[in-house]
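Here's a quick walk through a protein model, meant to be read with the structure open beside you. Have a look around it before reading on.

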Amino acid sequence: MGIDFSRIADRYDESRGGSERGQRFAAELAPHLPPGLLLEVGVGTGVVAAAMRQPVIGVDIAAGMLKSARQRLGARVVRSDGRGLPFRDGCFSGGYAVWVLHLVEDQAGLFSEVRRVLAPGGTFVIVNINRPAPDDLDAILKPMYVELLGDRDGRDLPERLAPLAEAAGLQVKDVLAGEPFRREVSGPEEADRIERREGAIFWDLDQDRWRELVEPVLGRLRAFGDRPVAREHHHQLLVLERRSR
Ligand SMILES: C[S@@+](CC[C@H](N)C(=O)[O-])C[C@H]1O[C@@H](n2cnc3c(N)ncnc32)[C@H](O)[C@@H]1O
């Protein structure tokens, strides 16, 4: 399984860049994908699939997210875990997953299932989450995230995923840097975002951990003042190809 995003489905698009972000990722993915039918694992609200110029079938474990995806993609969405796909062997010419692998417990199982449904020679692209470049706000935030993530930190980095994918029969073709996301944000704005518990990392945090780890950081962010910081977030594309055998 992974983390079900239903609880944030209503606010997901407004909090994560919506259709505009979908268009950006679709444009980044397209040059690496073959023509034909594509699979999106963790389709969410469908913003990326809706911007692709070829047919996409999307799966997700979250009924709440799929409700929005259905409005964008019609019947081309299925509720399913990426580790047990309801499709026959070799039926997709390619596919992708955007901001999903950090949430998936059994990454090896997901890769082996993706390999099964890809046609021989088919391509699958993983886009990992956006990570901030060092800046004044990151200096305040980073120690908290390191502590909260523990050994989950870096779960979707290519150096961790590549050996799992290779073992499942998906060969690494390329690791590429995506176009960075840039935005101006102030300390109090970052604090508000955390307080709204927009990030999945905060969803199951109990009150004691919140008080111990998060509240001091909220205080530092607010004390930082309204000076906007030009933040830059980076992601990568891991391009995999199904071996013929
Ligand atoms: C951060 S959202 C990204 C959604 C979409 N790819 C996007 O870029 O907007 C992660 C999505 O992956 C889904 N997910 C997590 N684990 C999954 C799994 N094992 N199989 C299918 N979907 C999964 C979540 O429910 C959520 O909708």
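Which residues in α6 meet which residues in α9? Keep in mind while looking that this is a predicted model.

## Two helices side by side

On the α6 side, the residues are Asp136, Leu137, Ile140, Leu141, Met144, Glu147 and Leu148. Their counterparts in α9 are Arg209, Leu213, Val214, Val217, Arg220, Leu221 and Phe224. Sorted by class, this contact holds 10 nonpolar and 4 charged residues, with no polar ones.

Two packed helices are described by the angle between their axes and the distance between the axes. Here α6 covers residues 136–149 and α9 covers residues 207–224, and they pack at an angle of about 175°. Their axes are 10 Å apart. Angles over 145 degrees count as roughly antiparallel, and α6 and α9 are therefore roughly antiparallel to each other.

## The sheet

Now for the strands. There are 7 of them in an open sheet, and going across you meet β3, β2, β1, β4, β5, β10 and β7 in that order, with mixed pairing. The edges belong to β3 (77–79) and β7 (170–177); each has a single partner strand, so one side of each has no neighbour in the sheet. From one strand to the next, the twist averages 20°.

Zoom in on β4 (residues 92–98) and β5 (residues 118–127): these two run parallel and are joined by 6 bridges. One residue to find here is valine 98, whose bridge partner in β5 is valine 127.

## Helices on the sheet

Helix α2 (residues 18–29) lies across β4, β5 and β10 (236–242), and its direction is at about 135° to β4. Helix α7 (residues 158–167) also packs on the sheet, where it touches β5, β7 and β10. Its direction makes about 160° with that of β7.

Which residues of α7 are buried? They are Pro158, Leu161, Ala162 and Ala165. These buried residues span an arc of only 110° around the axis, so they sit on the same side of α7. The spacing fits a simple rule: an α-helix has 3.6 residues a turn, so residues three or four places apart point the same way. Among what covers the buried residues of α7 are α5 (107–117), β5, β7 and β10. Turn to the other side of α7 and you'll find Glu159 and Ala167 exposed. Just after α7 comes glycine 169, with a positive phi of about 95°.

## Loop residues worth a click

Start with serine 80, in the loop between β3 and β4. Is serine 80 buried or exposed? Anything under 20% relative accessible area counts as buried, so serine 80, at 8%, is buried. Leaving out residues up to four places away in sequence, serine 80 touches Val59, Asp60, Ile61, Leu85 and Pro86.

Next, tryptophan 99 sits in the loop between β4 and α5. Tryptophan 99 isn't a glycine, yet it has a positive phi of about 60°. With a relative accessible area of 16%, tryptophan 99 is buried. Arginine 197, in the loop between α8 (187–195) and α9, isn't a glycine either, and its positive phi is about 55°. At 22% relative accessibility, arginine 197 counts as partly exposed.

How values were computed: Residues numbered from 1 in each chain as written. Predicted model: local features only at pLDDT ≥ 70, side-chain atom pairs only at ≥ 80, totals over all residues. Heavy atoms only, no water. Pairing = 2+ DSSP bridges. Helix = DSSP H or I, 4+ residues; strand = E, 2+ residues; numbered from the N terminus. Axes fitted to C-alpha atoms, helices over the stretch in contact; angles between N-to-C directions. Contact = heavy atoms within 4.5 Å. Parallel < 35°, antiparallel > 145°, perpendicular 65-115°, else oblique. Nonpolar A, V, L, I, M, F, W, Y, C, P; charged D, E, K, R; others polar. Buried < 20%, exposed > 50% of the residue type's maximum accessible area, 1.4 Å probe, protein only. Arc of directions from axis to C-beta.
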